[in-house]
Amino acid sequence: MPREIRLNAFEMNCVGHQSPGLWRHPKDRAWQYKDLEYWTDLARLLERGKFDGIFIADVIGIYDVLGGNGDAAIRQATQVPVNDPLALITPMALVTEHLGFGLTASLTFEHPYPFARRLSTLDHLTKGRIGWNIVTSYLDSGARNLGQKALSDHDARYDYADEYLEVLYKLFEGSWEEGAVLRDRERGIFSDPNKVHEIRHQGKHFQVPGIHLCEPSPQRTPVLYQAGASSRGKDFAAGHAECVFVAAPSKVILKKTVADIRRRAAEAGRDPRKVLIFNLQTVIVDETDAKAQAKWQELASYSSYEGALALISGWTGIDFGQYRPDQVLKHIHTNAIQSAVETFSTADPDKQWTVQELADWVGIGGFGPLIVGSAQTVADELQAWVEETDVDGFNLAYVLAHETFRDVVDLLEPELQKRGVYKTEYRSGTLREKLFGDGPRLPANHPGAGYRDLSQQRENVSVGPAVPA
């Protein structure tokens, strides 16, 4: 029986996300990113297409590695200006019933105590459709603007992240017991203080003594996404992530990456099939292969070489402006996204990438692969990626907003549904229930579930008057 293909829409609250320069195209709507209608129209479109969710990227800082400044990024609208992603979710939830929302937020720049309240609030308002993409950030410009000299070392950021998640699990899972909220009008008792616990966290990075400020939301802990692809990042994902986002440019690399993540999840005591893996992918689809190829050529003519270099330089920490367009690149270790450089140096052992070729690749859809063709051709390719690599689905980047996603909904998805590899209806329930078919809470073998009983921390502590019988 063929496996279901899962799809997320990959977006960002900015003008140019993964296809720099395409904002110039007369059909593109990305310049309307600051208008509410842009997002509500998109949400309705994605729900009509039965997308699992919209995965909203974010960065704190600008891409200022190219040329040693942010001029290129500003000139080309390369993920700047960029607005906060959190404010988008509530209006999109209001016009949809099933669409999930993956919020990217960096734990490097946000204390876990107020952040827990933000996530719980969103989970309440969306009726349990919120996910959190856990990132540790990779732009030094963001760190500098928050009073830090630079980002800490790559692996040290994940050590920090481990404690951050521990604080969140205690707040989400353990602070409020089941049945703590009574809403008892007759006795005048809203919540039972004997079932609401201080977490008393004392760690290397955080001291959080108190209770979670929110009553339990539908999922308690949001669905956990993670996008780190380095060895340390994959260890972190194996321990925590329910959905992993990768950007492998070839089936060979993706197959190895998927197998590695599933192996690490099993070693961490988790069910490797309950970790959903999504690869970054861009599709350009039309009624025929010829029309799709013509569309691709026309779209590529708007791609910005300078904008692509600004992205690559920011992602890798390497100033690609120092190289000629025809210069062949060698592997360089950086403290930014290590996996980005490693990926392109090992994607094809016989290929020597030039700066121009790398910019051409990234200029349409970022680091992920591009598939161009009719609905039948693209469906064949997506099925082949799933069957040959064991990936669960794709985070689809857009080239034109919202035309790329409209073509997917109107042309590609009917073909996938006809083949029985794409859903025709949503499951009921929360985002976690829709994705996994189980309950709304973290599964028992997830490390977060181990923080559900904090009641013993309140023994021998004065907690005020008992709840009247």
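**Entry 1: who lines the pocket**

I checked which domains the second largest pocket touches in this predicted model. Its lining takes at least three residues from domain 1 (6-284 + 370-437) and at least three from domain 2 (304-363).

Next I looked up the volume, and the second largest pocket holds about 300 Å³ of space.

I then pulled up the lining itself. There are 17 residues in it, and those nearest the pocket's centre are Trp-296, Asp-360, Trp-361, Ile-364 and Leu-370.

**Entry 2: which elements, which classes**

Which elements give two or more residues to this lining? I found α9 (289-300), α12 and β12 (370-374). Helix α12 gives the most, with 5 residues.

I sorted the lining by class too: 10 residues are nonpolar, 6 are polar and 1 is charged.

**Entry 3: following α12 elsewhere**

Since α12 had come up, I looked at how it packs against α10. The axes of α10 (residues 305-316) and α12 (residues 355-363) come within 9 Å of each other, crossing at roughly 95 degrees. Angles of 65 to 115 degrees count as roughly perpendicular, so α10 is roughly perpendicular to α12.

I noted the residues on both sides. From α10, the contact uses Tyr-305, Ala-308, Leu-309, Leu-311, Ile-312 and Trp-315. From α12, it uses Val-355, Gln-356, Leu-358, Ala-359, Val-362 and Gly-363.

How many of the residues in this contact are nonpolar, polar or charged? I got 10 nonpolar and 2 polar, with no charged residues at the contact of α10 with α12.

Notes. Residues numbered from 1 in each chain as written. Predicted model: local features only at pLDDT ≥ 70, side-chain atom pairs only at ≥ 80, totals over all residues. Heavy atoms only, no water. Axes fitted to C-alpha atoms, helices over the stretch in contact; angles between N-to-C directions. Helix = DSSP H or I, 4+ residues; strand = E, 2+ residues; numbered from the N terminus. Parallel < 35°, antiparallel > 145°, perpendicular 65-115°, else oblique. Contact = heavy atoms within 4.5 Å. Nonpolar A, V, L, I, M, F, W, Y, C, P; charged D, E, K, R; others polar. 1 Å grid on protein atoms, 1.4 Å probe; cavity = no way out; pocket = protein on both sides within 12 Å on 5 of 7 lines; lining within 4 Å. Points joined across faces, edges and corners; volume = space filled by probe spheres on them. Domains from an automatic or database assignment.
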